[in-house]
Amino acid sequence: MKGNFEFRTRKSNRSLWVIECIDPNCSWRLRASKIVPESTKFVIRKYVGVHCCLLLNRNANHHQATYVVIGEQVAPQYVGVEKGPGPKGVQTFAHTKLGAQISYYKAWRGRKHAHTLIRGSPEQSFHILPSYFHMLEKLNPGTVTRIEVDGESKFKYLFLAFGVAIRGFRYMRKVVGIDGTFLKGQYRGVLLVATAQDGNGQCYPLAWGIVDSENEDAWTWFLTQLKEVIGDTDELALISDRAPSIKKAISTVFEKAHHGACAWHVAQNIKNKFKCADIMGSYWSAVNAYRCEDFAGYMTEISHRYLRVAEYLENEVGFEKWSRCHYPGLRYNIMTTNMVESLNSMLVNARDFPYVALLDIIREKMSKWWNDRRIIAMAITAPLTPSRESEFRPRFAQSNGRHTLQLNPVTYHVKGGELEGVVDIFNKTCTCKEFDIDKLPCVHAIAAAHHAQVSVYNLVSPYYTKEYYVLAYGETIYPVGSQSQ
């Protein structure tokens, strides 16, 4: 093929294969037969490897360069990677490595065939899914898997939560972002994900699901499985976009948890519905305001300029859904579902994979994250995670020079700066509300701790500490191995 010589089959049956050059005057030929009659393997018995035909017989559009042959040759380039060469890359490969000029369509089919060889077909994926889940559970204790089928025993939904993530959730703030992204494979579907955020501000995936679409039934099924692994408490916050199917499903499944809206999605709705991007500064100030007095001031700015936007935020969305100070539960500084969006973007090249191949990419990435973050966590020398330590240190400098007056054994009045605060170091609160909501000492709390000769790190939520960071990634996610294994 590399020399652009074509061949024709002279004889082919179950025990013999004979091919020769397409030019009858050429001596090039190959004869192969079975090693033994009952074998499936052939051995070359005779080979004349020199062409003596005219160069005019060479054909770059090689007849034997089928999409199957192209796929088999290019398949190794898709091993261990998510993307690999596209159709144009396959065309280049065929030209440089095989000496064949192929069409874009043949390259596309060759690429698709290579994907099937490496990742299996969608039909094979459905067939091995129960076995794959069984091995995940066996090798990763505590892992929860579910497969839901319809009345005809055809695939409907799946759910996967790794045991290490379920156990590690105890070291996470109880804020879970949920969202879905469309899949692009032959059978389409939607990938659902629920993720927390670790003390270093990184995604901590808790559960994955594949459903037919983002409808109420699918979300209700997924959230029911999620509830079994993370529970339902007053401390739990679920953050999502404002899709009616998600809102209804959350209210159906979770009785105690609080539901919050992603502030970024609310902002997009405002821009699309009211065409007023110029008030986004006031909107985000309102979102992030810790005190209701400050929030009211930003809302006044919005209502003076766009009354309909203010009414929409108050009456249709509800202050308690998107604003930090009005949220009835505890969502810390997590005001958006960006942590979920980053997971979706991470899988953009794998969304057309068969389901098992997609799930194994997820497993592989999570395995790497757990290992990499464990190494980072073990190397930390400060009491807090790196991101929290970098956020915390400037507050020390800002707390210098504050005048602190002790009011009783646990309460301090801190003056200085733009805002004064009254700190309760026992209940870990401050009238500025930053300490209350973020669970990370504000400048007032740091000043009060210095005055009380108390270690300021004792006032930090354990979720931000090195100890919890190490424990969160202390275990390992193991691979399933090949089908033969």
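A salt bridge, as I use the term here, is a side-chain nitrogen of Lys or Arg within 4 Å of a carboxyl oxygen of Asp or Glu. Keep in mind that this is a predicted model.

Take Glu389 and Arg393. Their side chains meet in a salt bridge, with N to O at 3.3 Å, so the pair falls within the 4 Å limit. Both residues sit in helix 15, 4 residues apart, which means about one helical turn separates them. The two ends differ in exposure: Glu389 counts as buried, at 6% relative accessibility, whereas Arg393 is exposed, with a relative accessible area of 51%.

Helix 15, residues 386-399, holds another pair, Glu391 and Arg388, which are 3 residues apart and again separated by about one helical turn. They form a salt bridge, and their closest N and O atoms are 2.9 Å apart. Here Arg388 is buried, at 7% relative accessible area, and Glu391 is partly exposed, at 28%.

Moving on to Glu293: this residue forms a salt bridge with Arg291, the closest N and O atoms being 3.2 Å apart. Arg291 has a relative accessible area of 17%, and it counts as buried because the cut-off is under 20%.

How many salt bridges does a search of the whole structure find? The count is 15. There is also a network of salt bridges that links Arg10, Glu20 and Arg29.

Last, the surface. Tyr104, Tyr105 and Trp108 form a nonpolar patch there, and together they have about 370 Å² of accessible area. Tyr104 belongs to helix 3, residues 104-119, and is partly exposed, with a relative accessible area of 45%.

Note on methods:
Residues are numbered from 1 along each chain as its sequence is written. This is a predicted model: local features need pLDDT of at least 70, side-chain atom pairs count only at pLDDT 80 or more; totals for chains, interfaces and linings use all residues. Side-chain values use heavy atoms; hydrogens and water are left out. Patches are made of residues with over 30% relative accessible area and no salt bridge: like charges are joined within 9 Å, nonpolar side chains (Val, Leu, Ile, Met, Phe, Trp, Tyr) within 5 Å. Accessible areas come from the Shrake-Rupley method with a 1.4 Å probe; for residues, only the protein chains shown count as cover. Helices (H or I, at least four residues) and strands (E, at least two) are DSSP runs, numbered from the N terminus. Buried means under 20% relative accessible area, exposed over 50%, partly exposed in between (1.4 Å probe, protein chains only).
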